[in-house]
Each structure stands twice: as structure tokens, then as C-alpha cells.
Amino acid sequence: MSNHHDTGSIKAYIIGFILSIVLTIIPLVLVLEHLLSKSALVVSILVAAVLQFVIQLFFFMHIRDGEGPRYNVMALILGLVFVVTIVAGAMWIMSFNSQVQ
Amino acid sequence: MSVVQEIHQDSPSRFHRWTKIISAYINVTKPKILIMLSFTSLCAAFVAERGVPSFSVLFAMLLSASLSAGGSAAINMWYDRDIDVIMERTAKRPIPSGEIEPASVFWFGIFLGILSVVIAFIFVNPLTALLNALGYFYYAVIYTMWLKRRTPQNIVIGGGAGAFPILIGWASVTDSLQATAWLMFMVIFLWTPPHSWALALYKNDEYTKAGIPMMPVVKGARSTKIQSLFYMVLLFICSLVLYVSGNFNYFYLAGAMIFNSALLYCTWKMRKEEDHQFVWAKRTFICSLFYILGMFSTMVIGIF
């Protein structure tokens, strides 16, 4: 919490905060105004979500800081493997939904 | 001006037609099963390497295994086009729905099979190429053309076809097949009866109509449920033997206990269920999907 060795951190927090808000408002407007077809809408929301995830990592979680950045990257890749397995696995299982109706 | 308009009118429909044809060719490879088969072969490669195998081998193996499984699925679709029309579950497949010609599917399946063996032979190793060819033959000929319409043991013996990607994944890394590979093979093999029969129980009317001698059609629901339980117990034991043989860590043991207990519980409740009710049969089917994902994920985590 009190780790203030990075002088630009306040500025970085504000930029990250604004970008996060913008990336939240964009999908909200897209949904409320019915601006896109269904699949385009889903893709747009996913892209906004992933971008926001990256912003969180760089502006709030300081993925670039620290003496052992390779451990961060390794943990990130491992996390991504877990997320992809769980999300893709869940979608795969749900694709069988019609067979149990 | 009129030409421009014509192109504008024509291109969306042409685009639409192309996407329909491509999606028909994708669908004859049974993509949902393909995902599971690729996943298990990937896990087998990791366990064989006891770490992360080289990406070039992984990529070539996945490509050849998918082509082999997808090609034999296309042959299955081509051969089963007469019964797929009858069954509600399969009536929307590309051939019965008229999206694609049967002969095109046949040659597509043959082409994928040859491509699979060639890729495995050149970029992986001869054993992997041989296993791809055998797996293809097992599913397309032994299961589809011979067993499926003749014996209620069709999916028991046919389960071997679904387990082939394990051997392919393992052989791609080690160029040999150890006991652990065969035990992982047995996990899929023993899993297939409870998985398929759960579906066959509540799709019994359709299988009966199509004249396929599935176990519930021939021996009735009661006998099928008892046999499912029998294979489930064997599966449980096999998973534990795999723990010893595979030299896995406790994470795999914990995963094996959880997923086997869950599927055993569902199969047990399915046996207790009245024969005209299918709540637990459906739960067993869904649980069996979680089982495969969970077991093979924990195997990969279990090697580190």
C-alpha cells in the first residue's frame, strides 16, 4: 500500500481509472443502444473486457515492477492456461445442453 | 453503376453460401468430440514428457490427431447417413439436412485420414503415424461399419477408438508406449460405457426407431444401469492404479477421488432411479463431461 517509489503512480492510477471507466461505458452503450448484431456485440464486449484486464495489470497491479518480472509472467501464463481451460471447458460442456433437454 | 449494385447484392449471398459450406465441412468432423479428443491427446503428451513438450511436436501431433479423428468422423457421418435421418438428435447433421453431398463427405474423410498419417510420419514419428492410421480404422471401420449396428457391446469395444488420442499424444513424445499410457487409455475406455449408456437410456426411443442395438434397446434399462455401475467401479480402480503407475503428486490423487466419487455417485443414483425417469441419467451424462475435463487437467497438474 505504501509503496511509493514510483513517482508517476498517481498519474498512472488516474489514467488507468479513466481508461477503465471508458472501457466500461463503451459496452454499456453498445448494449443499451442496440448498435450491433449479437455476435459482433459479444466480440466487442469481450475485447473491452480483455483490454480492461490488461489495463488493470499495468496501471494498478504493476506487472512491470519488482525484481523478478519473469515470475510474474510465468504466473500470468499459468493463470491464463487455467482461465482458458475453465472457460473453454465450461463452454464445451454447455454445448451439450441441447442433448439433455 | 448497375454492375456495382449487382456485386453488392451478390456478395453477401455468396459469402453466406461459402460460410455454410465451410461450416458443413467442419460439422462432419464432429467438432465437439474432436475438442475432447485433442484435449486428451494434449494431456497425454504433457504426462509423457513430465513437463512441457516442444511446441513443434505438440503442434504436429495435435494436427495429425485432429485430422485422423475428424476424418474418421466424416466417414462415420457418410456411413450413418441412413440412420441419422431417423434420429432426432442427428437429423440436423450436414448430410441428412442436405447441406452437403454424401460423396463429398466420404472423399473429405479419406483425404483427412491420409493427410493425418503423412503429417505424423514426416513431422512426428512412424509410431504416431501408425497409431493415427489404426485409430482412424478403428473408428471408421471397426466401430462404425462393423460393431455399431450388430452388437450391444458396440460402444464398449468402440470406446477404444475414443481412447486412441491418448496413445497418439504419448507416442509423439516418447516414440514408445509405457504402462501409464495404457492406463490413461483405459480411463477413456472404461469411461465410455457409463457416458454413452447414460445418453442411450434417455434417447432409447430414437435408437430403437433407428434399429441400433444399443444396450438399453437390447437388454433394457435395468441391465444397462447395472453394467454402467460395473464399468464405473473398474474406472475408479483404474484411476487409482494410474496414480501409482504414473508417479503423480497428491493433486492428481485428490482430483481422481473427487471426480470418480462424483461420477460413481451419479451412476449409483441412476441405478436407483425408476426406469421411466431420466433425471440421474442426464446428470450422469453431464457429470461424465466434467469427469474427462477434470481428470485430465489434474493429471497434467499432477506431474509437476
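In this predicted model, the buried residues of helix α6 of chain B pack against three other helices of that chain, namely α3 (55-79), α5 (102-123) and α7. Helix α6 itself covers residues 126-147 and isn't straight: there's a bend of about 35° at Tyr138(B). Tyr138(B) is also one of the buried residues of α6(B). Other tyrosines turn up on that buried list too, including Tyr136(B), Tyr139(B) and Tyr143(B). Small residues such as Ala129(B), Gly135(B) and Ala140(B) are buried there as well, along with Leu131(B) and Leu147(B). The rest of the buried set is Thr128(B), Asn132(B) and Thr144(B).

Stepping back to the whole chain, chain B is built from twelve helices and has zero strands, so reading along the sequence gives nothing but α, one after another. Its radius of gyration is 21 Å, close to the 19 Å that the globule rule gives for 304 residues, so chain B is as compact as a globular protein of that length. Along the principal axes, the C-alpha atoms fill a box of roughly 70 × 50 × 35 Å. Buried residues make up 50% of the 304 residues. Of the contacts in chain B with a separation of 6 or more, 75% come from residues 24 or more positions apart.

The domain assignment splits chain B into domain 1 (31-175) and domain 2 (178-304). Their centres, taken over C-alpha atoms, sit 21 Å apart. Where the two meet, 28 residues of domain 1 are in contact with 25 residues of domain 2. On the domain 1 side, the elements giving two or more residues are α2 (31-49) and α7 (154-174). Helix α7(B) gives the most, with nine residues. By class, this side of domain 1 has 17 nonpolar, five polar and six charged residues.

Chain B also touches chain A: eight residues of chain A are in contact with eleven residues of chain B. The chain A side of that meeting place has four nonpolar and four polar residues, and no charged ones. For the complex, the predictor gives an ipTM of 0.86 and a pTM of 0.84.

How far can the details be trusted? Chain B averages a pLDDT of 94, and 96% of its residues score at least 70. Residues 1-7 of chain B are another story, with pLDDT below 50 and zero contacts in the model beyond near neighbours in sequence. Where pLDDT is low, the predicted coordinates shouldn't be read in detail.

Conventions: Residues are numbered from 1 along each chain as its sequence is written. Chains are lettered from A and ligands numbered from 1 in the order in which they are written. This is a predicted model: local features need pLDDT of at least 70, side-chain atom pairs count only at pLDDT 80 or more; totals for chains, interfaces and linings use all residues. pLDDT is the predictor's confidence in each residue, from 0 to 100. Two residues are in contact if their C-beta atoms, placed from the backbone, lie within 7 Å. Ala, Val, Leu, Ile, Met, Phe, Trp, Tyr, Cys and Pro count as nonpolar, Asp, Glu, Lys and Arg as charged, and the others, Gly among them, as polar. Domain bounds come from an automatic or database domain assignment. Helices (H or I, at least four residues) and strands (E, at least two) are DSSP runs, numbered from the N terminus. The bend at a residue is the angle between axes fitted to the seven residues ending there and the seven starting there. A residue is buried if 20 or more other C-beta atoms lie within 10 Å of its own, exposed if 12 or fewer, and partly exposed in between; C-beta atoms are placed from the backbone. The radius of gyration is taken over C-alpha atoms; the globule rule is 2.2 Å times the number of residues to the power 0.38.
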